[in-house]
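Me: I am new to this structure and should be grateful for a close look at a single part of it, with its surroundings described afterwards.

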Amino acid sequence: MKRLYIFFLTIILCFCSTFSAIYAQENDSINKKELGLSTLLNDIRQQQINDSLERIKLQHEIASLKSLNSRKKENLKQQLNEFDEENNMRKQQLKIRVDSIKKNTKSYAVAPFNDTLFYVYNKLGASLAKDRAYNVVNRIRNLYEDDFVKVDSFKIENNEISADIVYKDLIITSITELDALLEGKSKDEIAAQYLKRIQEAINQERADNSISKMLMRTGLVLLILFTFSILVFLINKLRKYGTKRLLTERTERIKDVKIKNYVLITSVQKTRIFINIINIAYWGLIMLIAFIMLPLVFSIFPFTQSWASNLIGLFTKPLKKTAMAIWDYIPNLTTVFVILFVMRYVVRFVRYIFNEIDKGKLEVNGFHREFAMPTFNIIRFLLQAFTLVLLFPYLPGANSDIFKGISVFIGVLFSLGSSSAISNIIAGLVITYMRPFRIGDRITIADKTGIVIEKSPLVTRLRTIKNEEITIPNSSILSGNTVNYSTFSEEGICFQVELTVGYEEPWQRIHELLLKIPPRIARVNQFPEPFVLQKKLDDFYVLYELNVYISKSGEIDLAKSEIYQLILNDFLAEGIEMNGPHLFSKVDYVPQYQDKSTNTLNND
């Protein structure tokens, strides 16, 4: 435990030493700045004194010459005029320089009663500007709190260094030549101005805090609160009246909002919307009146006047910042509109070109019509991405770290969560340019057969003969085999019908019976001619295969059904059986092995 105490004590000492070092470093920095300001002002003041001495010297030399028309006197007058012109120019440059010093120098306000009387910029002796302002404020407040102090007894005492505003033996504040130099006036003028402000501030504060004044202000506050209560009462009455009127006349005047026969908003929903609007208006008016009333109440008492300005600033500052931000963003907004306008018509022009290709009005060698819209979608996506790249620097907050972090986060989510979607999109593009099938083709993908009804960037949809819709991801199509029955359907699609017959029937007779069936079916083609193949010689039967051509791939299953029907009829009529014999055997136990196995079981 003792070690723990020592550890914490060491941390506290280190923290205190660090804080002291930082505070001392900050004070040193302030001292250096104010010392530099004082040095600069002293240099400027010394220059003014030298200029004044030079001018007095020239005037004295001119006055000492007795001859009125002497050439030397004229030269001295010309030098004096040139000196005055240079001095005027130097004063203008000095004013600009002093204004720049005041703008870039931290000032400390002397505000004993909220309102600022004057500012302190530079140090005096060992006192920093901050300490000077703090001491002056305390002296003025102490004089105000002393009921026996006569404000009219404040006076100005001049000395070689400064002009002091004093009350009896107390120096309220001192105005040096450097202070006067920053204000652009003489120290006597500045002293008189400061004296008047101090006297007026004390008299005004005493008048504001008198009993009669406090009673008058309290009554004014009560009057404002009473007026506010009456206004709230009247607004509440108006709200209740409006709500009651809506409820009583709902069935008569408030009707349903319809689009043809569809009821978009019922009368009950419409009434509820009106009641909500009334409630929102009610609270909005109360907040507006309170926002107007509170600054008025706070502005009545001197010690709460700063609250009023702060309360107003809570609303006006954000509104001002918003308005300034919108105003500053107008050039970027104009650029955004121009980019969107140009890119919109670029996309429309590209769409027009590819629509003409898709309709067959415009032909490009080696570019098929079905490539038109997929290629347009790719180009449109690239144009939109390019537009986003152009717009990104002009978006509000595009350079902020938060905006960049959100952009990276969304990109990571998109890349992690859309890997399968991206693979399907790429597969869709590859399938489009491979042209394995088109809309309306009858195809087989894996074990799914149907007509292609839709090709999207992600999936392909098939409709089966049973009116089932099958959705297949494009990545699965690209990784598997696809059979297209529609590509060469005009030349005929060959399909097969298999049957088995025993060896007792000659194959010539089977071929003859099978080849008589296709001419009797209207769905199948007679050219190319059907043919029969022996596919397999099994132990008990021969596998025959009838090959038939058809033009409409969607009728293959119906044609097979008709062929099977005719096979059944013809083969039964000819007395031919289409089932092969099968031999089943059962192996019995040999007695000697059966006895041994029984004994073994009994022993176990």
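In what sense, and over how many bridges, do strand 10 (residues 459-463) and strand 11 pair?

Reply: The model is predicted. Strand 10 (residues 459-463) and strand 11 pair in the antiparallel sense, and five bridges join them. Within this pairing, L462 stands opposite I470 in strand 11. The two strands form a hairpin with five residues between the strands, where N467 takes a positive phi near 60°. Strand 11 (residues 469-473) has two unlike faces: I470 and I472 lie on the covered face, while E469, T471 and P473 lie on the uncovered one. I470, the residue opposite L462, thus belongs to the covered face of strand 11.

A second hairpin may be set beside this one. Strand 8 and strand 9 (residues 448-455) pair in the antiparallel sense over four bridges. Their hairpin has two residues between the strands, and A446 takes a positive phi near 60° there. The bridge partner of I443 in strand 9 is G450. Strand 8 also has strand 12 (residues 482-484) as an antiparallel neighbour, joined to it by three bridges; in strand 12, T482 is the bridge partner of I445. Strand 8 (residues 442-445) is covered on both faces, for R442 and T444 on one side are buried, as are I443 and I445 on the other. Strand 11, by contrast, has an uncovered face.

To place these hairpins within the whole: the protein chain contains 16 helices and 16 strands. It has 604 residues, of which 29% are buried. Of the contacts between residues at least 6 apart in sequence, 59% join residues at least 24 apart.

Another part of the chain holds an open sheet of three strands in the order 3-4-5, with antiparallel pairing. Strand 3 (155-158) and strand 5 (170-176) are the edges of this sheet; each has a single partner strand, so one side of each is left without a neighbour in the sheet. From one strand to the next, the twist averages 30°. Strand 3 pairs with strand 4 (residues 162-167) over four bridges, in the antiparallel sense, and K155 has V166 in strand 4 as its bridge partner. Two helices accompany the sheet. Helix 3 (residues 129-145) lies across strand 4 and strand 5, and runs at about 140° to strand 5. Helix 5 (residues 187-208) packs on the sheet, where it touches strand 3, strand 4 and strand 5, and its direction makes about 25° with that of strand 4.

The helices and strands of this region also contribute to a nonpolar core. The largest nonpolar core has 29 residues, and those touching the most other members are V110, F118, I140, F154, I172, I198 and I202. At least two residues of this core come from each of strand 1 (108-110), strand 2 (118-120), helix 3, strand 4, strand 5 and helix 5. Leaving aside residues up to four places away in sequence, F154 touches L143, V149, V166, Y167, I172, L195, I198, Q199 and I202. V166 is thus both a contact of F154 and the bridge partner of K155. Apart from this core lies another, of 24 residues, which includes F495, V524, I567 and F571. As a general tendency, nonpolar side chains in soluble globular proteins are buried together.

The aromatic rings complete the survey. Seven aromatic pairs are found in the whole structure. In one of them, the ring centres of Y282 and W283 are 5.1 Å apart with the planes at 70°, so the pair is edge-to-face. Y282 is buried, at a relative accessible area of 10%, whereas W283 is exposed, at 54%. The face of Y282 also has R239 lying over it, at 4.6 Å from the ring centre. Another pair, F367 and F371, has ring centres 5.8 Å apart and planes at 80°, so this pair too is edge-to-face. F367 is partly exposed, with a relative accessible area of 23%, while F371 counts as buried at 8% relative accessibility. These two residues belong to a cluster in which ring pairs link F354, F367, F371 and F376. Elsewhere, R344 lies over the face of Y345, at 5.9 Å from the ring centre.

Definitions and conventions
Residues are numbered from 1 along each chain as its sequence is written. Side-chain values use heavy atoms; hydrogens and water are left out. Two strands pair if DSSP finds at least two bridges between them. Axes are lines fitted to C-alpha atoms, for helices over the stretch in contact, and angles run from 0 to 180 degrees between N-to-C directions. Contact means heavy atoms within 4.5 Å. Rings of Phe, Tyr and Trp (its six-membered ring) pair if their centres lie within 6.5 Å; planes under 30 degrees apart count as stacked, over 60 as edge-to-face and the rest as tilted. Buried means under 20% relative accessible area, exposed over 50%, partly exposed in between (1.4 Å probe, protein chains only). A charge sits over a ring if NZ of Lys or CZ of Arg is within 6 Å of the ring centre and within 35 degrees of the ring normal. A nonpolar core is a set of buried Ala, Val, Leu, Ile, Met, Phe, Trp, Tyr and Cys residues joined through side-chain atoms within 4.5 Å.
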